[in-house]
Amino acid sequence: MALYLKTNYLLSNTKLSLLLSLLLLAIFILPSQSNHAHGLTQTKLTVYFQNRPSGPKATAVAIAGIPGQSWGFGNFGTAFSTDASMTEGLDKSSAQIGRGQGIMVTTAKDGSSLTLLLSIVFTNKEYNGSTLQLQGADHQFENPREVAVVGGTGKFRFARGYATFEAFRVGKSHVVSRCNVTVEHYC
Ligand SMILES: *[C@@H]1O[C@H](CO)[C@@H](O)[C@H](O)[C@H]1NC(C)=O
Ligand SMILES: *[C@@H]1O[C@H](CO)[C@@H](O)[C@H](O)[C@H]1NC(C)=O
């Protein structure tokens, strides 16, 4: 009886380790197959964000700040919510290809820099529904400035790269920022 039990135990143990090996093999093989089925592609894009820094149609609004202190882009501890139209060209009447939606918090004590978390949400034909995630220290008074592209979805799955912003004032209360994105992704 004892012997039988032992054999059975050994048998199931062997089965188990075989199963585990297969599972491990699958874990190592499957992702590399799906990642490299299509090679690594580099995509460069130039897009324009139509920003209104203030007024009733402001594209960035302060949502929190240090109680009893001034809230603003140059004030440490101020958090903003942003949603701006993204166009193909500098002109605001040029084709809209998506939106830039995110949050910014003034995280430099001297107010010189924000931490930016921005989703570029595409609505144009080519990238409809795909997104890019931008993140980093946004030295708001430098022109140009650069943040990292840390990920993406849809056509930009596994995206990594960088993005630059250059601001052009085109009116009293209208600032257009040109954003150049360079990303590597599998597509
Ligand atoms: C983008 O996708 C949405 C939802 O699937 C669809 O309604 C819209 O027509 C698409 N736009 C373009 C430009 O293909
Ligand atoms: C952004 O791209 C444009 C061309 O589309 C180029 O003229 C400009 O110098 C680039 N800006 C930066 C900061 O690389």
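Let's start with a pair of side chains: Glu166 and Arg178 meet in a salt bridge, with 3.1 Å from N to O. This is a predicted model, so please keep that in mind throughout. The pair links distant parts of the chain, since Glu166 sits in strand S8 and Arg178 in strand S9, 12 residues apart. How exposed are the two partners? Glu166 is buried, because its relative accessible area is 18%, under the 20% cut-off. Arg178 counts as partly exposed, because its relative accessibility is 25%.

Searching the whole structure turns up 3 salt bridges, so let me show you the others, with the cut-offs for burial in mind. Arg99 and Asp83 join through their side chains at 2.7 Å, N to O. This pair, too, links distant parts of the chain: Arg99 belongs to strand S4 and Asp83 to strand S3, with their positions 16 residues apart. Arg99 is partly exposed at 27% relative accessibility, and Asp83 is partly exposed at 33%. Then there is Arg145, which forms a salt bridge with Asp138, and here the closest N and O atoms are 2.3 Å apart. Are these two buried or exposed? Both Arg145 and Asp138 are buried. As a general point, side chains of opposite charge can pair when their charged atoms come close.

Now let's step back and look at the whole chain. It has 1 helix and 9 strands. Walk along from the N terminus and you meet the helix, then the strands one after another: α-β-β-β-β-β-β-β-β-β. Of the 187 residues, 33% count as buried. Among contacts with a separation of 6 or more, 47% are between residues 24 or more positions apart.

What about the interior? In soluble globular proteins, nonpolar side chains tend to be buried together. The largest nonpolar core here has 25 residues, and the members that touch the most others are Leu132, Leu134 and Val181. Strands giving two or more residues to this core include S1 (40-51), S3 (79-87), S6 (131-139) and S9 (174-186). Which strand gives the largest share? That is S5, with 5 residues.

Leu132 is a good place to zoom in. Setting aside residues up to four places away in sequence, Leu132 touches a long list of residues, including Leu45, Leu118, Phe122, Val149, Phe156, Ala159 and Val181.

Ala159, from that list, deserves a look of its own. You will find Ala159 in the loop between S7 and S8. Ala159 is buried, with a relative accessible area of 1%. Beyond its neighbours within four places, Ala159 is in contact with Leu132, Val149, Val150, Gly151, Gly152, Val183, Glu184 and His185. If you would like a distance to check on screen, the C-alpha atoms of Ala159 and Thr182 are separated by 9.6 Å, and these residues lie 23 apart along the chain.

Last stop: the largest pocket. Its volume is about 550 Å³. The lining has 24 residues, and those nearest the centre are Asn51, Phe73, Met104, Arg145 and Ser177. You have already met Arg145, the salt-bridge partner of Asp138. At least two lining residues come from each of S1, S3, S4, S5, S8 and S9. What kinds of residues make up the lining? They divide into 13 nonpolar, 7 polar and 4 charged.

Methods. Residues are numbered from 1 along each chain as its sequence is written. Chains are lettered from A and ligands numbered from 1 in the order in which they are written. This is a predicted model: local features need pLDDT of at least 70, side-chain atom pairs count only at pLDDT 80 or more; totals for chains, interfaces and linings use all residues. Side-chain values use heavy atoms; hydrogens and water are left out. A nonpolar core is a set of buried Ala, Val, Leu, Ile, Met, Phe, Trp, Tyr and Cys residues joined through side-chain atoms within 4.5 Å. Buried means under 20% relative accessible area, exposed over 50%, partly exposed in between (1.4 Å probe, protein chains only). Helices (H or I, at least four residues) and strands (E, at least two) are DSSP runs, numbered from the N terminus. Contact means heavy atoms within 4.5 Å. A salt bridge is a side-chain nitrogen of Lys or Arg within 4 Å of a carboxyl oxygen of Asp or Glu. On a 1 Å grid over the protein atoms alone, a cavity is a set of points where a 1.4 Å probe fits but cannot get out, and a pocket is an open set with protein on both sides within 12 Å along at least five of seven lines; lining residues have an atom within 4 Å of a point. Grid points are joined across faces, edges and corners, and a volume is the space filled by probe spheres set on the points. Ala, Val, Leu, Ile, Met, Phe, Trp, Tyr, Cys and Pro count as nonpolar, Asp, Glu, Lys and Arg as charged, and the others, Gly among them, as polar.
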